[in-house]
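Student: Could you walk me through a structure and explain the terms as they come up? I'd like to hear what lies behind each one.

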Amino acid sequence: MKKLIAAMALSAFAFTPGIGAAQAADYPDRPISVMVSYGAGGATDFQARIVTMMAANEKLLGQPMVIINKPGAGGRVGWNWFASEAETDGYTLSAYNVPHFIAQSIKGGVKYSADSFEPIANWGSDPAVVIVPKDSPYNTIGELLDYAKANPGKVTMSGAGLFVGHHIAALQIQKAIGAKLAYIPTKGGGAAAMKAVIAGDVIAGVNNLSDAFRAREAGNVKILAVADLERNEKFLPNVPTLKEAGYDVDNSSVNFRGIMAKKGTPPEIIEMLAAKVPEMFANGRVTKQMNAGGSPIKIMNRAEVQKMWSDRQAFLQELLKDLK
Amino acid sequence: MEFLNHLGGVFEPVAFLLLLGGTIGGLILGATPGLSPTMAVALLIPFTFQLEATQGLILLGAAYTSTVAGGAVSAILLKIPGAPANIATALDGHEMAKNGQGAKALHISFLSSGIGGVIGVLLLIFLTPVLAQWALAFGPSHLFWMAILGVTVIGSLDSKSFVKGLLSGCLGLWLSMIGYDDIQGAQRFIFADALTGGINIISALIGIFAIPQVIEMFAKGRIASSISSLEVEKQSIWASVRETLGYKRALSIGTVCGSVIGLIPGVGGQIAGLLAYDQARKFSPEREKFGSGYAEGVVAAESANNAMVGPSLVPLLTLSIPGSPTAAVLLGGLLIHGIFPGSDLFDNHPKVAWTFINSMLVGQILMVIFGIWIAGYAAKVAKIPNPIMAAAVLVLALFGSYSIQQSMGDVYIMLGLGLGMFFLEKFGFSAAPLVLGLILGPIAEANFIQGSMIATAGDGTLSYFFGGVLNLFLIALVIASIAYSFWASIVLAKKTAPKPEVTK
């Protein structure tokens, strides 16, 4: 009996590669889960739900994508789970946030690095912006940062947490002006950081372009600068980049969002996804809803994302080296 | 009175059907252990993609309203609070159900939810601009003192002994520290992967409240007395209405606590129910009846947690800041239709804004009607023999804790905490203070650290935490609350001195 079971187990093993290949050929034949490492209602979750809504279309993947939230510890919980426990059969994918997960892996204490994952495609980029309350005495980025230079450590600046885009932007500004800022991470993410600015708990803040744009429309904040290489022509044509204002801050803090697979996923499946997923992001209905919500779209293919990841990896290693 | 102009919008055929569907669906989702209001609303978001903006928001608003109240069903009948808002409901509500008064408990809970809820939405309609300023007035130092105020309640909450109450509270505070600290980046007590994100409050609630009673039911074994079950008393609706309206003190305390606390971003509904319950007990002449199945406790808790629904949306609708996770999901529901909360919403899309608010108003009333209708049937749960009941609760507990984020880690945490709580209860410790510690710990801690970081950059810690009218007012409340607890424990100690506590 034992022998029989052993034989069956062995033969099952022997057939596995064959089954794998067959699976890749008619992939996907059931719904695909996409893990989002932030809570329901957050910007990443919200955008992930929009960009995956056309997946079931016959011309795209032909199967729906289902969002699973695994929030906690600034994304570490979800990505740890994805790197260590998720299957590599292509039916479990994950959303990524760069620079967040790369910065976290450099700081250590997590089970992943950029090498644990295979990028599929990028759907959006949300630059960080510098904001002040509407009744703040500072009207330009120059005025604010001159004050910060003259009073090191006195300018409080709220942001969504540690080693997220907002924090990276604050670190870069600090380096550019050669003086310390009091960066205040919040527990409730970008919304709590925004509340701190509007209520005047802090002098300034770093926040997402999309959220800051809404807050400005509601008449609550002034947006002083964008931490990106170019101005955002669509939403904020009049707001200068930090670079234009004379500060050496590039687009390293821009929050890139996209979809990735776990390393070890069959290459045929990755290729197939890399071809279809950008097409899904570019779908007219997706872009319409993304624009309606004020979420900046930036579609990048697998090769472009691979380059972006390795650039960030190198840059962040340098930036975070001096820290602590 | 602009809201009246748009009241008709709620009664358009499609809108009203959605409102009905949202209310009934919300009650069911809310009554399912593990599905918090936030999760329930998030599940509905994809449906709103296909709907018009107003219709989508009606669905979400109705679901939000009724999931909060639906959580009371499982809290009362199964002692599994659906969300932190329903913890205080379980304290007296489940005792009532055990005494065969489940139908009455449900009636009273839905009626007081409805009353609190309607008042909360009316506040949202009439006082939004004033309330918005009030919501912003709470900075880190004030939130810290609010949390400390909550901590002072711990000692007196649902515990025979003041010291044991405090000890369970401390245990809760310690549990809340587990996980990755978002502000300073420290890793604390993470011995297993499942703990990286800390202890999920919903799975903790399920474990701490449900598991000890499951063990208790199984431990009784197959003796005749455990198989026989209660008769469920019939309860006429009018008697319930009269009784609920009779608890004016509890209703007003609950509504005030709920709407004031609901307004503050970040603290929100989690503690409104517990604070209202505690205050209602302190002011009640029959305070010793609380915890033994006394309807006034249910009234205070439920009126508070639904009163909070309306005001909790003020920061979202006026300032575009989601003050609670549920509000964040609702924000998503607005954004996909290209509507930005804030002045844009009220100036350019008044129909959307007011129909949404009206739908919550009408939703509250529908929720009461359907709630009472199902109460009679639902209360029959108490007739189920113990062994079957225990198995059913266990299944629901496992399912509920797994479904939060499809993680077995949460299930193990739930079971571990439940087992621990079973033994703690044997030594006279109780669950409510522990859970309150678990909820308040992160609020107190995060705001203290943030406050001191801001203070160090500014005028110094002392003036930041002790300066200003609001700080001093909250500190005065803290002192008053501690003084009361001491006084009460001394008075009670004298009263109960002759009969020593039975602990094994």
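**Contacts, cores and sheets**

Tutor: Let's start with A:Met157 in this predicted model. Leaving aside neighbours within four places in sequence, A:Met157 is in contact with A:Ala170, A:Leu181, A:Ala182, A:Tyr183, A:Ile184, A:Val202, A:Ala204, A:Gly205 and A:Val206.

Student: What makes A:Ala170 a residue "in contact" with A:Met157?

Tutor: Two residues count as in contact if their C-beta atoms, placed from the backbone, lie within 7 Å. A:Ala170 is listed as a contact of A:Met157, so that pair passes the cut-off.

Student: Which residues have the most contacts inside the largest nonpolar core?

Tutor: A:Met157 is one of them, along with A:Ala121, A:Val129, A:Ile131, A:Ala204, B:Ala276 and B:Val435. The core has 278 residues, and α22(B) gives the most, with 16 residues.

Student: Why is this core said to lie between the two domains of chain A?

Tutor: Domain 1 (2-126 + 254-321) and domain 2 (128-227) of chain A both give residues to the core, so it lies between them. The centres of these domains, taken over C-alpha atoms, are 31 Å apart. Their contact takes 15 residues from domain 1 of chain A and 14 residues from domain 2 of chain A. On the domain 1 side, helix α4 (residues 100-107) of chain A brings the largest share, four residues.

Student: And what classes of residue are on that domain 1 side?

Tutor: Six nonpolar, seven polar and two charged residues.

Student: How many residues of each chain meet where chain B touches chain A?

Tutor: 47 residues of chain B are in contact with 48 residues of chain A. By class, the chain B side has 25 nonpolar, 19 polar and three charged residues.

Student: Now the sheet in chain A. Why are β2 and β11 called edge strands?

Tutor: The six strands run in the order β2-β1-β3-β10-β4-β11, as an open sheet with mixed pairing. β2 (65-69) and β11 (297-300) of chain A each have a single partner strand, so one side of each is left without a neighbour in the sheet. Neighbouring strands are turned by 30° against each other on average, direction ignored.

Student: How do you know that β3 and β10 of chain A really pair?

Tutor: Pairing takes at least two bridges. Strand β3 (residues 92-98) and strand β10 (residues 255-262) of chain A share five bridges, in the antiparallel sense, so they count as a pair. As for A:Ser94, its bridge partner in β10(A) is A:Met260.

Technical notes:
Residues are numbered from 1 along each chain as its sequence is written. Chains are lettered from A and ligands numbered from 1 in the order in which they are written. This is a predicted model: local features need pLDDT of at least 70, side-chain atom pairs count only at pLDDT 80 or more; totals for chains, interfaces and linings use all residues. Domain bounds come from an automatic or database domain assignment. Helices (H or I, at least four residues) and strands (E, at least two) are DSSP runs, numbered from the N terminus. Ala, Val, Leu, Ile, Met, Phe, Trp, Tyr, Cys and Pro count as nonpolar, Asp, Glu, Lys and Arg as charged, and the others, Gly among them, as polar. Axes are lines fitted to C-alpha atoms, for helices over the stretch in contact, and angles run from 0 to 180 degrees between N-to-C directions. A nonpolar core is a set of buried Ala, Val, Leu, Ile, Met, Phe, Trp, Tyr and Cys residues joined through C-beta atoms within 7 Å. A residue is buried if 20 or more other C-beta atoms lie within 10 Å of its own, exposed if 12 or fewer, and partly exposed in between; C-beta atoms are placed from the backbone.
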